[in-house]
Structures are given as structure tokens and as C-alpha cells.
Amino acid sequence: MKKLTTLFAATALATLMAGSAWSKTFVYCSEGSPEGFDPGLYTAGTTFDAAAHTVYNRLLEFKKGTTETEPGLAESWTISDDGLEYTFKLRAGVKFQTTEFFTPTRELNADDVVFSYERQLKADNPWNKYVTGASWEYAAGMGFPEVIKSVEKVDDLTVKFTLTRKEAPFLANIAMPFASILSKEYADKLQAEGKMNQMNQMPLGTGPFAFVAYQQDAVIRYKANPDYWGGKQKIDDLVFAITTDASVRFQKLQAGECHLMPYPNSADVQAMKADPNLKVMEQAGLNVAYLAYNTTQAPFDKPEVRKALNKAINKQAIVDAVFQGAAQPATNPIPPTMWSYNDTLQDDTYDLDAAKKMLEEAGVKDLSMKLWAMPVSRPYMLNARRAAELMQADFAKIGVKVEIVSYEWAEYLDKSKAKDRDGAVILGWTGDNGDPDNFLDTLLGCNAVGGNNRAQWCNQEFDALVKKAKETSDLAERTKLYEEAQIVFKREAPWATLDHSLSVVPMRKNVEGFVQSPLGDFAFDGVDIVE
């Protein structure tokens with residue numbers, strides 16, 4: 001059965017690649033399967049690429065290749081003098097996609113915006129728990145239920161957000177994938193038919209591509225949205241060919257079976273650059289990889305134990321082995337290309353003797369721990385298994401026994417959020433909006449415990465600094481507060497910060513219009529294939 005399924009997927013992909021005399025098909029060899037197709041439910045870039053950047057839009061969007069916001073579904077907005085009211089004027093004439101499973105009868109209006117936010121903000125909303133275990137991880141981790149007092153329809157094309165406090169990164173936050181706008185009309189139909197879960201399986205939005213079909217762990221198919229408010233795309237069909245192995249992705253790219261791939265093996269990059277049929281884009285990644293200890297579980301509840309383990313990790317060896325040098329060891333939880341990066345901080349030096357002594361002084365003997373290794377390549381960690389093996393060997397040198405564990409990607413993300421999770425988990429982050437808050441509060445704030453905060457670390461001193469920074473619009477003051485927060489982070493060490501990597505995107509020479517994103521997105525609106 002498995003062979004037949006694989007054969008079917010390969011045949012289907014070959015057919016799609018061939019296209020036809022009158023259609024143009026673009027194939028993206030994606031690195032993994034999406035957790036679902038409702039961006040509000042998730043935080044993984046793999047899922048955002050497959051749903052948010054294809055099917056949906058947001059009120060604001062990030063200008064291509066930048067972290068700068070620009071009008072999206074909202075063509076303009078005003079902010080009250082006290083900074084608590086944001087009023088958005090919606091773009092007129094925006095159509096929802098017409099698909100085989102739904103035909104809209106009206107255009108985008110304020111009801112869709114109110115619905116898209118209230119389902120994430122209100123526990124009593126019928127859509128708040130429509131997927132088992134739904135936690136609206138991003139909205140919760142960023143404190144949206146506390147920050148947003150109300151979302152109101154002023155008229156069909158006007159929506160007003162009232163906040164409980166000033167929120168400096170608010171406009172950048174609502175341009176992020178989790179804040180995508182869904183169709184309330186489609187939602188009402190699914191609810192009436194008792195098929196609410198279909199929202200997460202058969203998405204429908206206002207974006208450049210309409211969802212067609214998904215074959216689990218194999219292929220996702222989309223077609224260009226002919227009614228897209230930004231204009232119909234130059235490519236007619238978009239295919240995500242799910243290919244988890246980076247070496248296989250490279251083989252497919254070389255063979256012309258796909259047009260573009262993410263996250264190549266560092267060892268393959270030189271060969272890619274030498275291939276006359278390929279071109280390679282590179283830029284510094286707005287990212288960090290980390291090892292998050294569960295700070296609620298002994299002995300990882302002691303900062304001195306966490307710092308001892310950090311001193312046992314040879315980060316340079318990880319950078320050399322996993323990235324072939326196309327990364328740098330990380331000191332802070334935000335990348336050095338981001339404003340407010342505290343360059344006065346010193347990293348924990350690699351010192352096995354000191355690490356052993358610190359464990360002894362903390363009364364820790366015969367420590368055994370689990371080390372979780374991601375099953376997929378991400379820009380910040382191309383090979384988590386290899387990195388885990390190197391850390392396993394490092395920890396063995398100070399008498400710590402490590403068992404490496406892993407799960408399928410969606411399960412890995414879900415299980416690693418558990419407050420009682422054992423051991424330490426390898427994960428990372430690529431900034432979603434260019435603001436330090438998107439790292440410091442989203443990944444380490446008390447709001448994010450049980451969600452994005454995989455260290456389960458709630459430090460009141462750190463949290464107060466980050467919250468205060470969110471509430472001031474003065475950039476110099478925000479910078480100072482974030483620098484102070486990084487000092488607390490480094491002192492308490494809820495993570496071992498591992499690396500910041502270079503982002504490398506190889507593609508066929510005939511691909512035009514792809515813009516590399518500092519936010520790590522893979523979006524294909526505006527992309528073309530030329531002969």
C-alpha cells in the first residue's frame with residue numbers, strides 16, 4: 001500500500017509539472033506537512049507558508065523583502081490620540097475565492113474581520129474550540145485577549161479595535177499570519193452543516209491562490225485566484241511537493257522536478273551555486289535556534305544547573321557540522337541584525353571543567369535527561385538530529401546521560417508545549433514582524449507558558465520589562481528596556497542559545513519575481529516562470 005501511494009504521488013506530481021500548453025505550473029519542494037490550514041491555530045512557518053501566504057490576507061501586509069507594513073485588506077487606518085483606538089477602512093470590492101466546495105454570495109466586509117478576531121479572543125465564541133485542543137497559541141502568547149478590549153463593526157467597510165493599553169507593535173502584529181482574515185459566510189455555512197472542522201482542512205480566503213486539494217504528507221495543490229484584488233497571478237497552478245529530506249529536495253531541483261526549495265544542506269550550497277541551471281539567494285536570517293529546558297522540572301528549575309549545561313555545549317562545533325560555517329553561535333535570544341540587540345553581553349564560555357564543577361556545587365549527580373530533536377529542517381536548524389548528537393556527546397563528558405527523542409513534526413510541536421514535558425527541546429524562531437517583542441514576549445513571556453514558551457519560564461522581572469516596552473512608543477526607551485530584559489535572560493538561562501543562521505534559497509534559473517523574506521516566509525504571489 002505504501003509503495004502504491006508513493007507511486008501515485010510521484011505520477012501525480014510528474015503530471016502537474018508537465019502542465020499543459022495553456023497553463024503554467026510552479027512546484028515548490030516544501031520541507032514538511034502543515035499542521036492544518038487555519039493560520040490562527042498555529043505558529044510554524046511550514047503551516048504559514050501552506051495556508052497564510054497562499055490562501056489568505058491580513059488587514060496589513062509586510063512589504064516584500066522588508067519588515068515594513070503596508071495596506072492589505074485595510075486600505076487606510078487612523079489611531080486615536082491616546083493610542084487606544086485603531087480604526088481601519090477596508091478595501092472595497094475584495095472577493096472571497098470561489099471553489100468546488102464554496103461559492104460566496106458577498107464581498108469582504110467588517111463582519112469577516114470581527115469574526116476572524118473574536119474566535120481567537122473570546123472563550124465563549126462557538127469557533128474558539130472548533131478544533132480539539134485549540135489554544136490560539138499566537139494570539140494567547142502575544143496577550144491579545146488582554147490587550148484587545150473589543151473589535152467592532154462601524155459600518156460594512158469600517159472596523160474599530162479598542163485596546164486596554166498602548167501596544168507599540170500592534171500594527172506589525174496584525175500583519176502576521178495568525179491574524180489572517182477568514183470568511184464569516186463560509187464559517188456560518190460550515191457551522192449550520194455541522195462541518196466546522198472543515199475550516200482547518202479546506203481553507204477559503206481572499207488571497208492570491210485558492211486551495212484545491214491536499215494529499216496527506218505528499219502534495220498540496222492550489223490554483224490562481226482569478227478574482228484576487230491584487231490581480232491574477234502569472235502562474236496558473238501552484239503545487240507544494242512535500243519533501244522532508246534536504247538531499248532529495250536538491251535532487252528534485254536539479255532534475256527540474258521542482259522550481260524552488262527551502263533549507264538546503266549547507267554542504268550542497270557550493271554545488272548549487274556551480275550549477276548553471278540554478279541560482280541561489282542568500283541573506284542573514286532574522287532567527288535563533290535554542291535548546292529550551294523545562295524550568296519547572298528539577299533539576300532544570302535551577303539557573304545554575306542550566307548554566308552548567310550551557311557551558312558544556314560546543315556551539316562552534318554545531319555551527320561547523322550543521323551549517324558548514326553558514327551560521328554563528330548565538331549569545332542572545334534575538335538575532336544581532338535586530339534593533340535593541342544587547343552586544344555588551346558575553347556568552348557562556350565552553351568549559352567542561354567549569355560545567356562539571358557547577359553541577360557538583362548544585363548537588364546534581366548521575367543526571368539523565370531527554371533531548372528532543374526536531375524531525376524537519378528549519379532555517380535556524382538544518383539538522384536537529386546531528387546537533388542533538390553533538391550535544392549528547394558534550395553532555396556525556398560532564399557525566400550527563402542523554403536520550404534523544406523525536407516525533408512527527410505536528411506532534412513534536414504539540415507535545416513540546418506541555419508544561420510537564422521532560423528534558424530539553426531543540427526549537428527556534430524566525431521573526432514574524434521584525435520587532436523584538438516577537439521574540440522576547442512571544443517566546444519567553446509569562447503569557448506564552450504552555451504555548452510558544454517551551455521553557456515554561458515565567459520570570460516576573462523579565463516579564464515586567466518586556467510588558468513595559470510594549471506600552472511605550474519611544475524607540476530609545478523600548479531599546480533600553482529590551483536590552484535590560486536580555487540581561488535577565490542571560491542571567492537566568494532558560495535556554496541554551498545555539499545559533500543564528502544564514503538564509504539560503506536555491507531555485508531554477510527561470511524563476512522570476514521571488515523575493516526572499518527577512519521573516520523567512522515562502523510566498524509565491526508575483527512569481528513567474530520564464531523560458
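**Entry 1: the two domains**

I looked up the contact between the domains first: 30 residues of domain 1 are in contact with 29 residues of domain 2. I note here that the model is a predicted one. The domain assignment gives domain 1 as 25-262 + 509-529 and domain 2 as 287-502. I then checked how far apart the domain centres lie, taken over C-alpha atoms, and found 29 Å.

What area is buried between domain 1 and domain 2? I wrote down about 2,300 Å², with carbon and sulfur atoms giving 49% of that area. I recorded an area since the size of an interface is often given as the accessible area lost when the parts come together.

**Entry 2: the nonpolar cores**

I turned to the largest nonpolar core, which has 153 residues. Which of its residues touch the most other members? I listed Leu-59, Tyr-117, Phe-161, Leu-291, Met-381, Phe-395 and Phe-524. This core draws at least three residues from each of domain 1 and domain 2.

A second core of twelve residues is separate from it. I noted Val-27, Cys-29, Leu-253 and Met-261 among its members.

I picked Phe-524 from the largest core and looked up its contacts. Leaving out residues up to four places away in sequence, Phe-524 touches Phe-26, Tyr-28, Phe-209, Gln-233, Ile-235, Leu-238, Phe-240, Leu-260 and Phe-514.

**Entry 3: the sheet with β1**

Phe-26 and Tyr-28 also turn up in strand β1, where they lie on one side and are buried. Thr-25 and Val-27 lie on the other side of β1 and are buried too, so I recorded both faces of the strand as covered, taking buried as under 20% relative accessible area.

In what order do the strands of this open sheet run? I read β1-β10-β9-β8, four strands with mixed pairing. The edge strands are β1 (25-28) and β8 (209-215), each pairing on one side only. From one strand to the next, the twist averages 20 degrees.

I reminded myself that strands of a sheet pair through backbone hydrogen bonds, either parallel or antiparallel. I then checked two of the pairs. β1 and β10 run parallel and are joined by four bridges. Strand β9 (residues 219-224) and strand β10 (residues 237-241) are antiparallel, with five bridges. Phe-240 in β10 appears in both pairs: Tyr-28 stands opposite Phe-240, and Phe-240 is the bridge partner of Ile-220.

**Entry 4: the sheet with β4**

I next looked up an open sheet of four strands in the order β4-β5-β7-β6, where the pairing is antiparallel. β4 (74-79) and β6 (148-155) are the edge strands, and each pairs on one side only. I found an average twist of 20 degrees from one strand to the next.

How many bridges join β4 to strand β5? I counted five, in the antiparallel sense, with β5 spanning residues 85-90. The bridge partner of Ala-74 in β5 is Leu-90. Helix α3 (residues 110-121) packs on this sheet and touches β5, β6 and β7 (158-163). The direction of α3 makes about 165 degrees with that of β6.

**Entry 5: helix α15**

Last, I asked how many residues of helix α15 (residues 437-444) are buried. Eight of its eight residues are, and I recorded the helix as mostly covered. The buried residues are Asp-437, Asn-438, Phe-439, Leu-440, Asp-441, Thr-442, Leu-443 and Leu-444.

Key:
Residues numbered from 1 in each chain as written. Predicted model: local features only at pLDDT ≥ 70, side-chain atom pairs only at ≥ 80, totals over all residues. Heavy atoms only, no water. Buried < 20%, exposed > 50% of the residue type's maximum accessible area, 1.4 Å probe, protein only. Helix = DSSP H or I, 4+ residues; strand = E, 2+ residues; numbered from the N terminus. Pairing = 2+ DSSP bridges. Axes fitted to C-alpha atoms, helices over the stretch in contact; angles between N-to-C directions. Contact = heavy atoms within 4.5 Å. Core = buried A, V, L, I, M, F, W, Y, C linked by side-chain atoms within 4.5 Å. Domains from an automatic or database assignment. Buried area = accessible area lost by both parts, 1.4 Å probe.
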